[in-house]
Amino acid sequence: MSLDEAVAVSTTATTSQVGGGSQTPVARTPDQVVQGVQTLEAHPAQPVAAAQDYVVPAMPKDKQRRLERFARILETSGVTFTTYQFSGVAFTWWEAFERYRPMEDEVEMVNKVQAIVKCGESGASNDSTSNVECDSGSKKRKIMKERSVAWRHFSKFTDDDGVKKAKCKYCPEEYVANTKNSGTSNLLSHLLKCPNNPHKPETSQTKLAFQPKGQTGDVSLIPWKFDQEACRRALARMIIIDEQPFISVEKDGFRDFVRALQPLFHIPSRTTMTRDCFEIYHDEKLALKSIFKESKQRICITTDTWTSIQRINYMCVTAHYIDKNWNLHKKILNFCPITSHKGQDLASGVAKCLLEWGVDKVFTVTVDNASSNDVMVKELSKQFTRWNTNLMEGKHVHVRCMAHIINLVVQDGLREGSVSVERIRQAVRYIRQSPARWKKFKECCDLDRITSKKSLCLDVPTRWNSTYLMLKVATVYEEAFTKYCDIDYGLMSCISNCICEDGQPAGPLLSTDWDSVRRIVKFLEIFYELTLKVSGTLYITSNVHFLEICVVGSSLKELMQSEDATLKEMANNMKAKFDKYWGDPQKMNKMIFISCVFDPRHKFQSLSFALASMFGETIGVKIQIEVKTYMESLFNVYAKKNGGTSGSFPYSPSSGSCPSSPSSPGSCPSSPTSSTSSSSLSKFMLDLKKHKKGEGIDSKTELDKYLGEDVEEDFENFKILGWWKLNSPRFPALAEMARDVLAIPISSVASESAFSTGGRILDPFRSSLTPRLVQALVG
């Protein structure tokens, strides 16, 4: 039997298996056989289907030689059938060749093939024993792909007795491979102890690695060992934090990078990544629910709405709180779709979210100034009352977003517009419209030796900070603009013919325009920096809430007296909007003032001065009395919760005395006479305490003692939470109240959204996901 005949036999076998019947053998050249073998090796899961297409590169020389030897064995053995059987197992010529590959002795292989031939001839008529051949009318049974990870490291074969076995690819060990009876646990156990397994986890000795410490560039030496599960979890966290699409783990560039970085890491699919992200979300959710359940503390929440590119509205509910270690936390509780922006529907969604998290104690709700939010907060306050957790009848629950008010104030100031601003806007637009103009402009910068690397930018109508940034950058290139006007007359023509919002031509760009713009930039800088400051989420902002309001008010009053007509008009428009929200102290939330008192650098000393400067001496004193009264009433609620007026100081190690409880750790050792005189001493101390209360010596509360102490010195790196953590043992009830007050966020949006009057938009990647998955990624 020649090589071509053997190939023809193999082709007949494969086509018979696929189609279920016999077909005419097709002769193949040796090169085609080589290509076919390579195709079969590239598709081990579907060898029969892959054998039909021989269009792959040639196999290595050593495999060619073995294939030629195998063809000679087939010819010597006189194989003349398409499918032969051995011990009840059907073989094709390719499967026989796979069994031949590890053998070196051709004589042994000839004898084995001849034995197979005899068995095949004797059992060729028994169709019931064949797992491959079927009757022409029956369907071919689908071959299931091996799913166990063990088959990546073991090769299947059948021994002389017809027993299916598996051989380790790294050592000579063999195991029974009947998965129906034996399973794969023995194979997996062998992988953990195989001495030659390159993927075996190191358990005897860990490696050393350098780990960076913070942003300083310092490193520390730590023990390390490869952990597949830890790497998968870190990859899932990267997907969540960096907002990467799940398909990024299947990109060729990422896979090449991971293989070069750590070859032992098995890169998961995007489906697996989705499950891992859900697991992380559920683990974090259970941990946070456990914290809320154990601490039973009040939280402050903020709500915000988002819109996807499919026009689906989402509501985001965020919790802000300070834990017992005086660390500020911000946690997204819910990011769910909503069907309506009505206040009742929003309140129902927030209440449902709080019940799901097991939270019923809410201190404040910070929202923007939409009318639907006013209705929502009123409905939530009623719900808190029904839960019997509404402090002070909900008088301080509603907190208006300061960043949103500042945005409205500045937008009113810029609404009228300035001719100088419009002229510079048109000049920037004219230069940016053409690369040739930009090149000429850069040449003018080089002639004037302007080394700034800032690029000219146009503003966006819905983002007032972009106008500020455009004007700030333009003032740097004032000399370059002047020189460019001399070489390009089209610029002056474009500016002069531009029509302003009032319908009048803008006119030419003058030197006085630059002076006016510089004053506007200096004015807008106050609100730009203030918005960045109050929109922070990683530090306390409520303690400077009222002081920043006073800064804005005093700045507007000063500019209203300016000789510049443009600035004066802007200031008048902005002051009208400012007074709408902060002009009447009776309409302001008392927490705006109380949070300032809880700053040990300010207390009532700074508050009284700020009230007098903003509202006048008479009104300022009246408001101060109201704030103190409200503060005392709220403190009594916290003091009652702690079991009294909390007027006595607990034991402090610096006092030099022992704790009053003899069973407490570190108590003074008792003397022989202490037991006999304890009753007399206790009676004397009780009488002394009554005497102090009668004289008014020990009648001060924690609040009175805190307000009676001197204010702390103000310095740059003062940590207000660190101060309260250090002094909380002295004021246990007041410290609990301070934790709730200082956690109040005065802005409901992040800094990147605080400048915009438009809504928040979900990116295309997250918009394409299901609401449940979006919540897992955002939360």
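Reader: How many helices and strands are there in the chain, and what makes a stretch count as one?

Author: The chain has 31 helices and 13 strands. Both are DSSP runs numbered from the N terminus: helices are H or I with at least four residues, strands are E with at least two. This is a predicted model, where local features need pLDDT of at least 70 and side-chain atom pairs count only at pLDDT 80 or more, while totals for chains, interfaces and linings use all residues. Residues are numbered from 1 along each chain as its sequence is written, and side-chain values use heavy atoms, with hydrogens and water left out.

Reader: Why is Ser 340 called buried?

Author: Buried means under 20% relative accessible area, exposed over 50%, and partly exposed in between (1.4 Å probe, protein chains only). Ser 340 has 18% relative accessibility, so it counts as buried. Ser 340 sits in the loop between strand S10 (328-338) and helix H11 (343-357).

Reader: What makes the link between the side chains of Ser 340 and Asp 345 a polar contact?

Author: A polar contact is a pair of N or O atoms within 3.5 Å; within protein, one must be able to donate a hydrogen and the other to accept it, and residues adjacent in sequence count only if both atoms are side-chain atoms. The side chains of Ser 340 and Asp 345 are joined at 3.0 Å. The Ser 340 side chain also reaches the backbone nitrogen of Lys 342, at 3.1 Å.

Reader: Why is Trp 326 called buried, and why is Arg 449 called exposed?

Author: Happily, the same cut-offs settle both. Trp 326 is at 6% relative accessibility, so it counts as buried. Arg 449 is at 76%, so it counts as exposed. Trp 326 lies in the loop between strand S9 (313-322) and S10, with a positive phi near 60°. Arg 449 belongs to the loop between helix H15 (435-447) and helix H16 (464-476), and its phi is near 55°, again positive in a residue other than glycine.

Reader: How do you know that S3 and strand S4 pair?

Author: Two strands pair if DSSP finds at least two bridges between them. Here 5 bridges join S3 to strand S4 (residues 164-168), and the two run antiparallel. In this pairing, Phe 157 stands opposite Lys 165 in S4.

Reader: What makes strand S3 and strand S5 the edge strands of the open sheet with the order S3-S4-S5?

Author: That sheet of 3 strands has antiparallel pairing. Strand S3 (154-158) and strand S5 (174-176) each pair on one side only.
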